[in-house]
Every structure is written in C-alpha cells, then in structure tokens.
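Here is a report on one molecular structure. Have the sequence and the coordinates open while reading.

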Amino acid sequence: MRAVRGLLVVAGVGFGLWGLWLMRDFTREQLTSEAFWLAGGVVLHDAVLAPVVVAVGYVASRVLPAHWRSATATAFVVWGTLTVAFLPVLSGQGGKPGNDTILGKPYVLSWVVLTLVLVAYAGVGALLRRRQGRSSDMKTLHGSGS
Amino acid sequence: MRLPTVADIERRIPRPDDFDSRARGPELTARVGSALGICFAVCFATGMWSHLQYSTPGWLTLSPNPTQLYRWTQGLHIVSGTAAIPLLLVKLWSVFPRLFIRPERGARALVVEALERVSIAALMGSTFFMLTSGTLNIIGWYPWEFSFRRTHEAVAWVAIGALLVHIGVKLPVIRTALGAPVEHPDHDRDAAAPTRRSVLLAAFAASGLAVVLTAGQTVPWLRRVSAFSVRPGDGPQDLPVNRTAAGAGTAKTALDPAWRLELVAGDRTVSLSRDELLAMPQSTHRLPIACVEGWSRNATWTGVPLRDLLALVGADADTDVVVRSLQTRGAFGSSRVVGNVAEDERTMLALALNGETLDIDHGYPVRLIAPNRPGVFQTKWINRIEVGA
C-alpha cells in the first residue's frame with residue numbers, strides 16, 4: 001500500500017504543477033480574479049454555510065419533537081444541497097439578450113414546489129414514525145404486562 | 001478588566017469533540033467520498049476530452065464517429081458535475097469538525113499537518129472553483145476577469161492532482177472505513193437522531209435528483225421532468241439556439257439577396273447563390289447539435305454534402321477546409337473541418353432543418369453540420385469556404 005500511496009501523491013503533485021504551468025501566461029488581473037474565486041468558495045463554506053448548518057442542526061435536535069427529527073434531517077439534506085446546486089438558475093443572472101431558448105423555465109416556482117414536497121415528506125415521515133413508535137410502545141407494554 | 005489572551009480565545013473555539021452528531025464519521029465520509037471521486041473522475045476525463053476538441057494536438061485525428069460521441073461525453077460532463085454538488089456538500093459536512101483539530105506539537109508533526117492542510121485547501125478551493133465556474137458558464141454568466149475555458153482547464157488539473165494527493169494521504173482510513181459497517185456503534189442510544197445510513201441515502205437521493213431535475217436538456221425523455229434544466233429544449237424549428245442572428249450581428253447580412261457562398265481554392269473561386277445550392281443533389285441526415293454547456297438535441301438536416309462542393313473546385317474529398325461566417329460579434333466566427341470529417345458523407349452545408357428552410361437563428365442561408373462535433377464548430381451564416389487552407 002505504501003507504493004500505491006506514494007504513487008498517488010507523486011502523480012497528484014505532478015498534475016497540480018501541470019495545472020499551474022498552464023496558467024503561466026495569465027495576466028495579473030486574471031490571476032487575481034482567479035484567486036478570488038478559488039478562495040471565495042472555501043471562505044464562504046467554512047465561515048458561513050457550514051456554521052449555519054451546524055447551528056440549524058443544533059437547534060433542530062433540541063426543538064423538534066423526537067419523531068420529526070430523522071425525516072426532517074433527510075428533507076433538509078436534500079433541500080439544502082439541491083438549493084445550492086440550483087442557485088445559478090435561481091439567481092436570475094445569465095441568459096442571452098433576445099434568446100428565449102436559454103433559462104426559459106419558472107425556476108423559482110419549481111423551487112417553491114420542491115420545498116413544499118420536501119416539507120410534506122418530513123411531515124409524512126414524522127407521522128409514520130409516531131405511529132410506529134406508538135405501536136412499539138404498545139408491544140413493550142403488553143410484553144412487560146405478561 | 002483584562003484583555004483576552006490567546007489561550008482564552010482558543011478555549012472559545014470549538015473542538016472536534018464538541019460536534020456531537022453520531023451521523024458523522026469516516027464510514028460516512030468514505031462512502032460519500034467514493035461516489036464523489038467517481039463523479040470527479042468522469043467529469044475530469046470528459047472535460048479533457050472536450051478540451052481536445054477545442055485545441056487538437058497534431059498527433060491526434062478526431063473521428064466523425066461515433067456520431068453521438070461528443071453528445072454523450074459532454075452530457076456526462078455536466079451530469080457528473082451536477083451530481084457532485086450534493087455529494088461534496090454532504091462530504092464536507094461530515095468532516096467539518098476536523099477543521100478544529102489543534103495542531104500537534106513538534107516540528108515534524110507541524111510540517112506534515114501544514115502540508116496536509118494545504119493539500120485540502122487546494123482540493124476545496126479548486127473543486128469549488130470548478131463547480132461554480134462550470135455551473136455559471138452553463139447559464140452564461142461570467143462575473144470574473146479570467147478566460148473561462150483556459151482557467152477551467154488549468155484548475156481542473158490542480159483539482160484532480162489535489163484529489164490524488166488526498167486519496168494517497170487518506171488511503172488507510174478509507175480502506176478501514178469502507179470495510180466497517182456504516183452505522184455508528186452507539187447509534188441507537190438516541191433512536192430519534194438521524195443515522196449515517198439516512199444521511200448517506202439522503203446524499204445519494206439529492207445527487208440523483210439533481211441529475212434528473214436538470215438532465216432533460218440532453219436526455220429527451222427527461223425533458224418534462226427536468227424543471228431546473230437551463231435549456232428547456234424548445235426553440236425555432238424545435239431546436240435551442242446558442243447565439244442568435246441579432247447577437248452575432250448577422251440579422252441583416254444573412255438576409256441580403258446579394259449573399260453568395262464563395263468557395264476559394266488557391267486562385268480559383270466559385271460563387272454560389274442559395275438557389276444554386278438548392279439545385280445541387282441534397283442529402284438528409286439526423287445529426288445532433290451538442291453544446292459544450294451540456295445541452296444537446298438531434299435534428300434532421302438537409303443540404304449539400306461538403307465533399308460535393310470540394311469536387312466543384314476540383315479538390316479531393318478529404319481536403320482540410322476552413323468555413324467562415326458572416327458573424328461580426330463573438331467568438332467562433334470560423335472553424336476548421338479536417339479532411340476525414342470533410343469527406344464524411346454526412347458533413348454538409350445545411351439549407352433546411354426538420355423539413356423547413358433553415359431559421360435565421362440556426363444559420364440561414366447555410367450552416368455547417370457534421371457528426372460528432374462540438375456545437376460551436378457547427379458554424380452558422382457561412383459565406384466563405386477556404387479549401388486546403
């Protein structure tokens with residue numbers, strides 16, 4: 001495994017250096033802009049998105065009734081990641097003047113529908129869980145009674 | 001009152017143990033990470049394949065076959081990149097507490113730690129860069145100063161390199177984690193909490209949904225389902241348009257009755273009107289427009305085979321040619337057709353699309369259409385063909 005690991009690291013460093021070599025004729029302005037977009041995502045994730053998600057999880061685990069937690073977490077993972085994935089089309093930016101074959105869908109409406117579907121998913125999941133919980137409580141009751 | 005010391009501040013910063021969700025753990029990270037690695041590998045390979053179409057090295061001859069190849073590779077490029085977004089976010093969530101690991105004491109340990117952190121910063125920065133610049137390019141928004149194509153290519157090498165280093169560093173952890181059951185041993189101590197399995201399934205579901213909800217722009221039977229695809233798939237003559245005639249500055253010149261197609265071979269020039277082109281033997285083929293932005297669509301094209309035009313000026317069918325557009329604005333105003341593509345019977349100067357006279361936004365009076373060719377090289381509004389150039 002040592003050899004494989006060494007090979008991966010060496011190849012990886014080589015690939016990375018090749019990438020840097022391809023930037024050798026970029027102007028200072030281009031490199032500055034590139035550096036901004038390279039660092040921006042990391043900063044935005046580590047300083048904003050991740051702490052917000054941790055805070056949401058912390059609050060949810062203490063506020064939500066027990067039977068809501070699991071389904072809500074699943075719905076939140078799907079909702080949050082899809083919202084990020086669809087941010088470009090939701091942004092209202094881009095497109096080409098006089099060309100309605102690009103960005104020609106009601107994206108915000110679709111996002112609202114997606115959100116409602118996932119809220120419904122969490123609700124149904126919570127309901128099922130509560131019913132399941134009750135029937136297993138009953139079983140425990142009967143079990144201990146006999 | 002005294003000012004807080006470094007130690008006071010350090011005490012305030014959370015430690016990895018402060019994050020108490022048992023859904024996190026290398027068993028989850030390794031599984032999401034493996035899927036993510038596959039997405040990145042596919043995205044990288046198909047992306048580099050696309051770059052080879054744009055700047056083909058001398059040793060490589062690109063074939064016009066299989067007809068749908070570029071459509072598949074570029075469709076996969078966008079699909080794998082889209083699928084990666086939810087996986088990346090869940091993976092980063094699963095390792096977020098590790099950001100707060102305190103550096104070990106000792107010079108050697110510090111150096112190793114610093115190197116690993118640098119490689120992870122490079123990996124995160126470059127993958128965010130790739131996914132952001134790629135998805136913004138699809139919608140046609142360029143809020144930056146660099147060249148999209150060249151920078152997207154260069155940073156891709158950095159990203160895949162950082163990924164290889166990361167796998168090399170983590171290989172023992174990955175192997176152990178993949179061999180272990182996914183669930184935390186104590187997961188049922190809090191039965192209501194989300195489990196690793198539920199987070200893993202949610203990540204895969206989100207990734208799959210991201211694909212299904214966007215891929216309709218290249219997978220015809222998903223068109224109605226893909227509520228978030230950038231290209232709904234409609235357009236004049238049932239085909240989307242990338243650059244309109246107005247956008248390319250050809251709205252007037254393309255309709256000029258004095259328009260002629262000039263075939264130039266050395267000092268010999270043949271000039272043809274649209275009627276003269278229509279009078280030549282026509283051929284009809286079903287060929288895709290496959291755009292680098294990941295949308296594609298098959299259409300039925302009718303026109304004059306390029307090799308018949310080459311015969312008119314006495315050139316061999318497999319001669320390299322350059323086609324030039326009336327276009328005055330934007331890139332890709334001309335393209336080179338290499339000999340093996342020029343001689344393919346399906347490579348044509350199209351005059352009609354899906355049974356109607358070519359729409360001006362699709363390149364009226366004539367456009368190039370050839371099999372297995374990126375959309376930007378299917379030059380529209382052609383007025384000049386340079387033979388043997």
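How many residues of chain A are in contact with how many residues of chain B? In this predicted model, 62 residues of chain A are in contact with 65 residues of chain B.

**The side of chain A that touches chain B**

Four helices of chain A each supply at least two residues to this side: helix 1 (2-21), helix 2, helix 3 (66-90) and helix 4 (107-145). Helix 2 of chain A gives the most, with 16 residues. By class, the side of chain A that touches chain B holds 33 nonpolar residues, 22 polar residues and 7 charged residues.

**A helix crossing between the chains**

Helix 2 of chain A spans residues 28-63, and helix 4 of chain B spans residues 107-139. Their axes come within 8 Å and cross at roughly 105 degrees. Helix 2 of chain A is therefore roughly perpendicular to helix 4 of chain B. From helix 2 of chain A, the contact is made by Trp37(A), Leu38(A), Ala39(A), Gly41(A) and Val42(A). From helix 4 of chain B come Ala121(B), Met124(B), Gly125(B), Ser126(B), Phe128(B), Phe129(B), Thr132(B) and Ser133(B). The residues of this contact between helix 2 of chain A and helix 4 of chain B divide into 8 nonpolar and 5 polar, with no charged residue.

**Trp157(B), in contact with chain A**

Trp157(B) lies in helix 5 of chain B, which covers residues 148-179. Is Trp157(B) buried or exposed? Trp157(B) is buried, because 22 other C-beta atoms lie within 10 Å, and 20 or more are enough for a residue to count as buried. Leaving aside neighbours within four places in sequence, Trp157(B) is in contact with Phe15(A), Gly16(A), Trp18(A), Gly19(A) and Leu22(A). Within its own chain, Trp157(B) can be paired with Met48(B), 109 residues apart along the chain. The C-alpha atoms of Trp157(B) and Met48(B) are separated by 9.5 Å.

**Chain B overall**

Chain B has 10 helices and 10 strands. Its C-alpha atoms fill a box of roughly 90 × 45 × 45 Å, taken along the principal axes. The radius of gyration of chain B is 27 Å, whereas a compact globule of 389 residues would have one near 21 Å. Of the 389 residues in chain B, 44% are buried. Take the contacts in chain B between residues at least 6 apart in sequence: 71% of them join residues at least 24 apart.

**A sheet in chain B**

Which strands make up the open sheet, and in what order? The sheet has 5 strands of chain B in the order 2-1-10-5-6, with mixed pairing. Strand 2 and strand 6 (334-337) of chain B stand at the edges. Each has a single partner strand, so one side of each is left without a neighbour in the sheet. From one strand to the next, the twist averages 15 degrees.

Strand 1 of chain B (residues 261-265) pairs with strand 2 of chain B (residues 268-272) in the antiparallel sense, over 5 bridges. These two strands of chain B form a hairpin with 2 residues between them. In the turn, Gly266(B) has a positive phi of about 65 degrees. Strand 1 of chain B is also joined to strand 10 of chain B (residues 382-387), by 3 bridges, and these two run parallel.

The table gives partners of strand 1 residues.

| Residue in strand 1 of chain B | Partner | Strand of the partner |
|---|---|---|
| Leu261(B) | Leu272(B) | strand 2 of chain B |
| Glu262(B) | Arg384(B) | strand 10 of chain B |
| Leu263(B) | Val270(B) | strand 2 of chain B |
| Val264(B) | Thr269(B) | strand 2 of chain B |

**A buried glycine in a loop**

Where is Gly233(B) found? Gly233(B) sits in the loop between helix 6 (196-212) and helix 7 (245-248) of chain B. Gly233(B) counts as buried because it has 22 C-beta neighbours inside 10 Å. Not counting residues up to four places away in sequence, Gly233(B) touches Gly216(B), Gln217(B), Arg223(B), Pro240(B) and Arg297(B). Ser296(B) is 63 residues from Gly233(B) along the chain, and their C-alpha atoms are separated by 8.5 Å.

Technical notes:
Residues are numbered from 1 along each chain as its sequence is written. Chains are lettered from A and ligands numbered from 1 in the order in which they are written. This is a predicted model: local features need pLDDT of at least 70, side-chain atom pairs count only at pLDDT 80 or more; totals for chains, interfaces and linings use all residues. The radius of gyration is taken over C-alpha atoms; the globule rule is 2.2 Å times the number of residues to the power 0.38. A residue is buried if 20 or more other C-beta atoms lie within 10 Å of its own, exposed if 12 or fewer, and partly exposed in between; C-beta atoms are placed from the backbone. Two residues are in contact if their C-beta atoms, placed from the backbone, lie within 7 Å. Axes are lines fitted to C-alpha atoms, for helices over the stretch in contact, and angles run from 0 to 180 degrees between N-to-C directions. Angles under 35 degrees count as roughly parallel, over 145 as roughly antiparallel, 65 to 115 as roughly perpendicular and the rest as oblique. Ala, Val, Leu, Ile, Met, Phe, Trp, Tyr, Cys and Pro count as nonpolar, Asp, Glu, Lys and Arg as charged, and the others, Gly among them, as polar. Two strands pair if DSSP finds at least two bridges between them.
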